[in-house]
Each structure stands twice: as structure tokens, then as C-alpha cells.
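User: I should like to understand how the terms used for this structure are justified. Please take me through them one at a time.

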Amino acid sequence: MDYGLMSYDPTSMATIDWVIVGLYLASAIGIGLWFTRRASRSTADFFVADRSLGWFVAGTSIVATTFAADTPVFVAGMTRETGIWSNWFWWSVLIGQVATATIFAKLWRRSEVITDVEFVKFRYGKGQITTILRIFKSFFMGIGVNCVIMAAVTLAMVKITTVLLDLDPETMHNIGFMEISSTWLVLIVLGFIGLLYSALSGLYGVVYTDIVQFSLAMIGSIGLAVIAYCDASSGEGLMAKLAASPDFKPELLHFFPRFDTLSWPLFTFIVYIMMLWWASAPGKGYSVQRLLATRSERDAKLAFLWYSFLHYVLRPWPWIVVGLLSLIYFPGIEDVETAFPLMIDKFLPAGLKGVMIAAMLAAFMSTIDTHLNWGASYIVNDVYQPYIQPNASQKHYVMVARISMVFITIAALVSTTLIPSILGAFMFLGVFFAGIGTVMIARWFWWRVNALTELVALVATIIVATLTLIFIPDVPGDEPINKFALRVLITTFSVAAIWIPVAMFTSREPDDAAIAFHKRMQIGGIGWKRVGESSSELSSGLYEWVLVVALLLCILLGTGKLLFHEWLVGGILIGCAALLCVPFLSMLRKTRAITA
């Protein structure tokens, strides 16, 4: 059998595929119309769904948003090019996000703020520095970071639609005032639909379309992986076919870099495990928005546990398997980020292909609608309402939020033209968030952290992260060296060395804001001993953190070992996971006792 790219013949969309895609788009608009009146009542309705979400809806919505159009594309491409171990770039974040579930989720819900930026005022109190920090973070996160993420997602959709819809990027269409390619015409239509239903329905429409999107995405991804895996396992067998691919190297199947010699991959892995997860631990952005929208502290905790299971146990292997098997069917492709859509087009039959294409379109729209709502929440809740028009009606603020979404959409489309690589965009954000991560954790557990401390840390992170990108570039070549981990290491320690002295010298005694924060939140730890007595929540949260991390890693790695025929190690890991389920179930029983 010829597994080369030259044997590939893309199949066109069948009628049933177009029907499925059309039904999804119609359902998204229908959900938006259904929730329009409810979302228009207040900013609390529009941005946090009036704090009415149960754990299942909130957790599924978070994981659906992280399944952006770019996610399977760059995971499959990264695995194909570098190997399974490279997924520690995002697997390592599991460590931090489980801490979000067991330690921070209930604290976020207890704060009852609308956005994570509003937390600045809740934590540090009123003051000029607090105002500057709040406004700066609103624009930096709501416009700057937001547009980078949306641009990366849009860039992925350019590649996906080009392959799956068999579009010619050179074909131009005149739309009155400008000419535009077929691919961009499709993306603008999809973006407009996402903008339409998210502007109409606020967070209500976002989370409920997310459930539809995630269902489609998992059906399509698992179906693709199973079909490709079964096909590759026929005849001489999967491992033999992989070994016969001209692009295959045995180290692609390694779950960890080699530990017997110093190397850039080993250094990178250590930084992933030891440092990269810090920024994710306290939670940020749209994930915190979902926690703030839950009905209770219990729902917030369960929502993030549910998200962690779906994100790190259920989703990874279909993408990784497809990326590795693409070596068999498409050797020699220049752009590894086209591997996933090429495999979709080759293997999925009519009907299931429509589900997968609808899922990819939905993934794009899901991420766009979330980031539009999230970005608008900063502009309205943290800038416009408190500092520009503080006495307007709630309907006025909702109208301003909808207008803000339009401007964020335009900014994101412009940003797309400036980003050359999906993975490159996320790695730059990884450096930035790793640098700011230490202070974002410390502000919860140390009374000395104040508004000036966080502002200095944020500015220092921007400067240092940018300098490392300029002066410590990756090394191209036959064996390229990615210096992302070195940039993370330098940025993290440099920023910490700046903000810690600032905290020590500017906070000599606990101020009223710190005392009020501790009284409201009752956080444990030695960092608050000067302020008052602490609860035992922190110690129990740390125990649950270690337990859940161990459980999820055993299932994650054990599943992968079994998929690639390492039966003994896979069996042992799955057995360990079964044993860890006993204390985990006991933990869940205690979670039920958390009061609303």
C-alpha cells in the first residue's frame, strides 16, 4: 500500500454533511435568540449568567472553549514533529489546574466578583494604584492577550477550512468595498454568527452552545481516531507501519525525554513540570468567569474537577493518535499543522465527516464567543461602568458590552495577519503567564502583596518576556532547538526577584484592605498569621491536589501506554488509578457537604 501524500485524493462534502453543519449553525443562532431577553436584564446576567450554572454546564463549557479550532491542529502537529513527550507543554498545566479545582475554585466563588480583574479592587481596596492596575489589566487582557488567542484560533481555521472545504485560498471574491479570499469569506461569516448569538444571549448562549459543540467535537475526534487506528492496525500492524514511514523516529513514541543525558528536551521537560503550571494554578480569564457563574462553592469546585477530567483524560489521545498515524498516510508534508484536517478528510465517511466539520466550526465559534464575552466584561465591568459612566442603567451597560464585542472582533481579525504560527503564539503567552504566575498565587496567601506589587510584576513580565523573545530566539536547522523553557525560567525568576522586594518594602503592616479580605475569605497559611486565625481549608486542599493529580496522570499515561502496546506499564498505571479512586470517591463525598 502507498501511504504517501501523492495517493491522497480529498473527498467532497456530501449532502448529509452540509445538512449537519447547517443544523449546528441554526441551533447556535436559536440558542442565542432564546436567551436574549434573560441576558439583557443586567451585567450579572450577561457576563456570569446570574450565577445560575450547575457544575456540569460550567465544567463542560470550560473544556469546550479550550477545544478551539487550533487545539487539535497544533497538538497533532506538535506530536507528529516532536513526539508524545512534547505534550507536557500542556499536560504540565494539569498540576496547576487541579490546584484551581481543589484550592481556588471555591475561593473565587466566595469572592462574588464579576471578573477576575475586579478581584483587584476586592483584594487591594480602593486607591489610585488599584485603579491604574485594574484599567491596565482590563485593556491588556481584554484586548491584547484576548486578540492574540483569537488570532491563533482564526489562523488554525484558515488551515482547516482550506483543507476540509477544499477551498482555493487564491480565489478572490468581490464583496463591494474589497476583495477577499474564499477561506476568509467563510471565517468572516462564522465569526459574524458567533458574534451575533453571543451578543444576543451573553454567557447563557455561550455555555449552552458549548455543550452542543463539545458533544460534536468528541464524537468526531474519537470516531476519527478509532477509524484511523483500526485501519493502521490491519495487515502488518500499526507499529510496523509506523516504523516504515520515512518521517518516523522511535523517540516520537517516548512519553518522556531521555534522562540519561543532558539535553534541551530534558531541560524543557523539567521547566514544564516545575514551573509552567504556576500561572494556571490560581485560575484566570474565562475559566474564572465560569466559576463565578456557578450556583455555589460546591458547584465551582466540581465544575473544575469535571473540566480537568475531560481535558486531560478524555480528550488528548484521539488528537495524539491522529497526529502520529498521519506519519503513515501523509509523510513529507511541509506544514505539520495540516495533518489533522488531512486525516479528517481521508478517513471520515459522509455524516461523520459532517459532524467533525461542524465540530471544528463550532470549536472556532465557541472560542470566539467566549473571548468576546470575556473581553467585553473587562471593558464594561472594570473600565466603563466604574470610571466612565457609573450611574447608567443595566440595559445601557449591556448595550455597551455588545458594541465592545464588535470592536474586539475587528481587532482580532487584524491581529490574525500578524501571527505566523499557532504554537508560537501560545508559547509567547506561556512565557508571559509563567512570569506573572508567582504574584498571582501569592496575592491569595500573603498579606504583603499589594496593588503596586502586582502592577510592578505585570509590567516587569511584559518587558522581560519580550526581551527574552528578542535575545533568546529559537535555533532553526535540521535539529532545531526550542528555547521556550529557557525564556520561561529567566522570566519567572527575574520577575519574582523584582516584585518580592517591592512587596517587602511597601507593605510594612497589614492594611485595612488585607484585613477585610482575610476576614471575608478565611484563607489558611502562614502568610496570613499576622492578620488573624486561619481555617484548615488550605491543608485539605493540598491533600486533594496531590491525590487528583496522581489519579489523572495515572489514567492519562496508562491509556497512552496501552494504545501503543506497552501492556505491562499501561496495566500497572491503570491499576494504580483504580486504587487511587478509593480516596478520590471519599473526597467527592465530602465535597457534597460543602454548603451553597
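**Reasoning from definitions**

Analyst: In this predicted model, the largest nonpolar core has 195 residues, and W91 and W444 touch the most other members.

User: What makes W91 count as buried?

Analyst: W91 is a member of the largest nonpolar core. A nonpolar core is a set of buried residues, and buried means under 20% relative accessible area. W91 therefore falls under that cut-off.

User: Which residues is W91 in contact with, leaving aside its neighbours within four places in sequence?

Analyst: They are I84, Y312, P316, W317, I320, L556 and L557. Contact here means heavy atoms within 4.5 Å.

User: Why is T100 called buried?

Analyst: The relative accessibility of T100 is 0%. Buried means under 20%, so T100 counts as buried.

User: Where is T100 placed, and what is it in contact with?

Analyst: T100 lies in helix α7, which covers residues 93-111. With neighbours within four places in sequence set aside, T100 has contacts with A105, S280, A281, P282, G283, L291 and F304.

User: Which classes of residue line the second largest pocket?

Analyst: The lining has 12 nonpolar, 2 polar and 2 charged residues. Of the 16 lining residues, L302, L305, W306, F584 and L588 lie nearest the centre of the pocket. Leu, Phe and Trp count as nonpolar, so these five names belong to the nonpolar class.

User: Which element gives the most to this lining?

Analyst: Helix α14 does, with 6 residues. The space in the second largest pocket is about 330 Å³.

Key. Residues are numbered from 1 along each chain as its sequence is written. This is a predicted model: local features need pLDDT of at least 70, side-chain atom pairs count only at pLDDT 80 or more; totals for chains, interfaces and linings use all residues. Side-chain values use heavy atoms; hydrogens and water are left out. Helices (H or I, at least four residues) and strands (E, at least two) are DSSP runs, numbered from the N terminus. Buried means under 20% relative accessible area, exposed over 50%, partly exposed in between (1.4 Å probe, protein chains only). On a 1 Å grid over the protein atoms alone, a cavity is a set of points where a 1.4 Å probe fits but cannot get out, and a pocket is an open set with protein on both sides within 12 Å along at least five of seven lines; lining residues have an atom within 4 Å of a point. Grid points are joined across faces, edges and corners, and a volume is the space filled by probe spheres set on the points. A nonpolar core is a set of buried Ala, Val, Leu, Ile, Met, Phe, Trp, Tyr and Cys residues joined through side-chain atoms within 4.5 Å.
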